[in-house]
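Let's walk through this one together, question by question. Have a look at the model first, and then we can start.

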Amino acid sequence: MKSKKELFCYLFCGGVTTAVNYLLYGGLLFLRLPYIAANSIAWVGAVLTAYVLNRRLVFHSRNKIWKELPSFAALRFLTLLVENVLLWLLIDHLYILPLPAKLLVSVITVVGNYVFCKYGVFKKEEICHG
């Protein structure tokens with residue numbers, strides 16, 4: 001039962017994070033920033049939102065922030081690179097508009113981010129009772 005609750009919380013927090021990401025991305029596109037710059041700046045806002053929500057509501061982490069946040073950001077940075085490459089392919093080579101392209105790419109990044117968080121960043125620390 002815990003895994004269903006965790007998945008629901010992850011999806012809810014992911015929805016909030018995605019809203020932050022898309023609002024920033026759309027706003028920056030509206031200001032005529034290039035799509036890679038807009039996506040990269042929106043990524044910063046989304047990563048900070050995702051970290052706080054995932055840490056508190058999804059994984060209930062008690063690990064040290066100074067240890068956890070850099071690994072969270074580093075793993076998310078990998079998905080940013082993948083996302084930017086896929087956006088470039090979809091927009092510049094397949095001529096898909098920036099917003100629909102981002103929607104397509106988000107499916108891949110959401111799955112990747114969950115796996116990275118669950119089994120990398122927010123895994124429970126072993127407590128030594130020695």
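A salt bridge here is a side-chain nitrogen of Lys or Arg within 4 Å of a carboxyl oxygen of Asp or Glu. This is a predicted model, in which local features need pLDDT of at least 70 and side-chain atom pairs count only at pLDDT 80 or more, while totals for chains, interfaces and linings use all residues. Residues are numbered from 1 along each chain as its sequence is written, and side-chain values use heavy atoms, with hydrogens and water left out.

Q: Which elements make up the protein chain, from the N terminus on?
A: Helices (H or I, at least four residues) and strands (E, at least two) are DSSP runs, numbered from the N terminus. The protein chain has four helices and zero strands. From the N terminus on, the order is therefore α-α-α-α.

Q: Which residue forms a salt bridge with Glu 68?
A: Side chains of opposite charge can pair when their charged atoms come close. For Glu 68 and its partner, the closest N and O atoms are 2.3 Å apart. The pair links distant parts of the chain, from helix 3 to helix 2, 13 residues apart. The partner of Glu 68 is Arg 55.

Q: Is Lys 102, which forms a salt bridge with Glu 83, buried or exposed?
A: In the salt bridge of Lys 102 with Glu 83, the closest N and O atoms are 2.6 Å apart. Lys 102 lies in helix 4 and Glu 83 in helix 3, so the pair ties together parts that are 19 residues apart in sequence. Buried means under 20% relative accessible area, exposed over 50% and partly exposed in between (1.4 Å probe, protein chains only). Because its relative accessibility is 1%, Lys 102 counts as buried.

Q: How far apart are the C-alpha atoms of Ile 91 and Lys 102?
A: Ile 91 is found in helix 3, and it is buried, with a relative accessible area of 11%. Ile 91 and Lys 102 are 11 residues apart along the chain, and their C-alpha atoms are separated by 9.3 Å.

Q: Which helix gives the most to the nonpolar patch on the surface?
A: Patches are made of residues with over 30% relative accessible area and no salt bridge; like charges are joined within 9 Å, nonpolar side chains (Val, Leu, Ile, Met, Phe, Trp, Tyr) within 5 Å. This patch is formed by Ile 36, Val 85, Trp 88 and Leu 89, with about 330 Å² of accessible area together (Shrake-Rupley method, 1.4 Å probe, only the protein chains shown counting as cover). One of them, Leu 89, is partly exposed, with a relative accessible area of 35%. With three residues, the top contributor is helix 3 (residues 65-93).

Q: Which helix gives the most to the lining of the largest pocket?
A: A pocket is an open set of points on a 1 Å grid over the protein atoms alone, where a 1.4 Å probe fits, with protein on both sides within 12 Å along at least five of seven lines; lining residues have an atom within 4 Å of a point. The largest pocket is lined by 23 residues, with Thr 17, Thr 18, Arg 76, Val 110 and Asn 113 nearest its centre. Helix 1 (2-30), helix 2 (35-58), helix 3 and helix 4 (98-121) each supply at least two residues of the lining. With nine residues, the one that gives the most is helix 1.
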